[in-house]
Structures are given as C-alpha cells and as structure tokens.
Amino acid sequence: GPGGPGDPGAPAPGASCDQDALATIHQTSTQGGELTGHGVVLHSAQHVTLRHLNLVGPGVQNDRQDGGAEECLTHGGCGLLVFTDGSHGRRYGIEARCVVAEGWDRAGFQVASTSPAKIGYSDVLFEDCAALGNGLAGFSSDGQFSESATSYAHAEIRIARSVAYRNPGRSSDTTRHSGSGIILSDVDGAAVRDSRAYENGSASNWATRCSTRALTRPRSRTG
C-alpha cells in the first residue's frame, strides 16, 4: 500500500537489504488467545536471528486503550514480539536484520517482560529494519511497572540503520502515548544509531507526541 515497503517513495529499511527477497507473513486478525495474533513470537527464546522478513498486520484498531506489556499477551498486535515472563531466567541474544513490520495494532517490534523481578532480555539488536503503520509504536520495549524497582527489565537494546515512520497511533487511546516512532522503556543501556523516526503520531489524542523517546528509568505512568 501507499507508504509501505512496496511504495517507491518509502525509505528502504537498510542498504544491505534486498526488498524483493523478503518473505511475507500476513496476519489477518489480532484476536485469539494468549500469544496469538502476532507475526512472529519469540517466547523466552535466546540466541535467535531473524532475517529478510516482511511482517504484515491487519491494521490499527481504534476501539481500546493500551494496557502495557501484558496487552501483547492477551490481545496480540505485534509484528515481532520478543517476550519473557522471567521464569527461565534472563534471556540473551536476539537479532532481527532486514525485517519490515507494517500495520500492527500495538508495535512493529516489541521487547516485553511481565516479570515483577525485572527479568527480561539482554543483547537485542534490530538492524536494517523498518516499522510503519503501527498503533502504539514502531520500536518499543516495556516491563512490569513498579515504583519501588531499583533495576531494569532489559539491557543493551540496540537499533541500527533502521527507520520508524508513519506510525499513526490510536485515536481511542487518550490515557497514554501512542504513535511513537521509537520508545524504549525499562532498559539499561539502549542505543539508537544511524536511524530515522518521522511522521509519527498523526492519529494520537494524547497530550504529548514524539517520534523518538528513550527512557532509561523504569517505565513511568505517562511515558
């Protein structure tokens, strides 16, 4: 569609990627049970590399509020969901290279932990990737919110040579942000380099709109 990976005016996810070589996974619904309704789910996996994928979702739904990390599990809606509940200990080594995530209700790329003990992922790389047409964000990380926490769920999440653009947000979500390009929360040691985020948040009704936001403290109630 317009603005998608096939649009001649759209930026390529990375110079090293061959757009014609991307294998497509098309999800037609985000409804279902736990850990369904996503393009690809890595549940407590580690040392995994994904390459040359086009993850296409059913589009943004404007009939609900965002519920944080746990919404990924119950409502679906992520192109690539990297998730752990902490029961297997900290997970390491996830890479996505030359992956496009378009049209997902929550996030194109999501790293999430529901562990109250702040056990999540370390050493995660998104390189030569593109996120567009998603609801909550293009790239996002999240953890279990705790006002008393002294540690972080995730560590060393890196985004390189990637782009997040035209992620509109949800017009129905008025209690927190939506439509961000890159928002990294509950992570120690995040880095974004040689990447772009623009034209995000066009449908967001939240008071603050941004294309890129990096949070190094445990997730706040508003950010």
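This is a short talk on the fold, the core and three polar residues of one predicted chain.

Let me start with the overall picture. The model is a prediction, so please keep that in mind throughout. The chain has 223 residues, and 55% of them are buried. By secondary structure there are 16 strands and one helix. If you take the contacts between residues at least 6 apart in sequence, 85% of them join residues that are at least 24 apart. As for the surface, the chain exposes about 9,000 Å², with 47% of that supplied by carbon and sulfur atoms.

Now the strands. I will go through the pairing around β5, which covers residues 91-102. Of the 12 residues in β5, 10 are buried, so the strand is mostly covered by the under 20% cut-off for relative accessible area. Strand β3, residues 48-56, pairs with β5 in parallel, over eight bridges. One place to find that pairing in the viewer is Asn 54, whose bridge partner in β5 is Val 100.

β5 also runs parallel to β7, and six bridges join the two. Two positions mark this pairing: Glu 95 has Leu 125 of β7 as its bridge partner, and Arg 97 stands opposite Glu 127 in β7. There is a further parallel pairing, between β5 and β8, residues 130-132, over three bridges. There, Ala 101 has Ala 131 as its bridge partner in β8.

Moving on to β7 itself, residues 121-127. Six of its seven residues are buried. Besides β5, β7 pairs with β10, residues 154-160, again in the parallel sense and over five bridges. Phe 126 is bridged to Ile 159 in β10.

Next, the core. As a general remark, nonpolar side chains in soluble globular proteins tend to be buried together. Which residues touch the most other members of the largest nonpolar core here? They are Leu 42, Leu 80, Phe 109, Phe 126 and Phe 139, in a core of 27 residues. The elements giving two or more residues to this core are β2 (40-43), β3, β4 (78-84), β5, β6 (107-113), β7, β10 and β12. β5 gives the largest share, four residues. A second core lies apart from this one; it has six residues, including Leu 22, Val 100, Ala 130 and Leu 132.

To see the main core from one residue, take Leu 42. Beyond residues up to four places away in sequence, Leu 42 touches Val 48, Leu 50, Leu 80, Leu 81, Val 82, Phe 83, Ile 94 and Tyr 121. For the rings, the structure holds four aromatic pairs. Phe 109, Phe 126 and Phe 139 form one aromatic cluster, and these three were also on the list of core residues I just gave.

Three polar residues to finish. The first is Arg 91, in strand β5. Is Arg 91 buried or exposed? With a relative accessible area of 14%, Arg 91 counts as buried, because the cut-off is 20%. A polar atom of the Arg 91 side chain lies 2.9 Å from the backbone oxygen of His 88. Setting aside neighbours within four places in sequence, Arg 91 contacts Ser 44, Ala 45, Gln 46, Thr 84, Gly 120, Tyr 121 and Ser 122. His 154 is 63 residues from Arg 91 in sequence, and the C-alpha atoms of the two are 9.3 Å apart.

Then Asp 186, in the loop between β12 (180-184) and β13 (187-188). Its relative accessible area is 0%, so Asp 186 is buried. What does the Asp 186 side chain make a polar contact with? One partner is the side chain of Lys 118, at 2.5 Å. The Asp 186 side chain also reaches the backbone nitrogen of Ala 153, at 2.9 Å.

Last, Asn 205, in the loop between β15 (196-198) and β16 (212-214). Asn 205 has 45% relative accessibility and therefore counts as partly exposed. Apart from neighbours within four places in sequence, Asn 205 contacts Arg 170, Ser 171, Asp 173 and Thr 174. For Thr 174, which is 31 residues away along the chain, the C-alpha separation from Asn 205 is 5.6 Å.

That is the end of the walk-through.

Technical notes
Residues are numbered from 1 along each chain as its sequence is written. This is a predicted model: local features need pLDDT of at least 70, side-chain atom pairs count only at pLDDT 80 or more; totals for chains, interfaces and linings use all residues. Side-chain values use heavy atoms; hydrogens and water are left out. Rings of Phe, Tyr and Trp (its six-membered ring) pair if their centres lie within 6.5 Å; planes under 30 degrees apart count as stacked, over 60 as edge-to-face and the rest as tilted. Buried means under 20% relative accessible area, exposed over 50%, partly exposed in between (1.4 Å probe, protein chains only). Contact means heavy atoms within 4.5 Å. Accessible areas come from the Shrake-Rupley method with a 1.4 Å probe; for residues, only the protein chains shown count as cover. Two strands pair if DSSP finds at least two bridges between them. A polar contact is a pair of N or O atoms within 3.5 Å; within protein, one must be able to donate a hydrogen and the other to accept it, and residues adjacent in sequence count only if both atoms are side-chain atoms. A nonpolar core is a set of buried Ala, Val, Leu, Ile, Met, Phe, Trp, Tyr and Cys residues joined through side-chain atoms within 4.5 Å.
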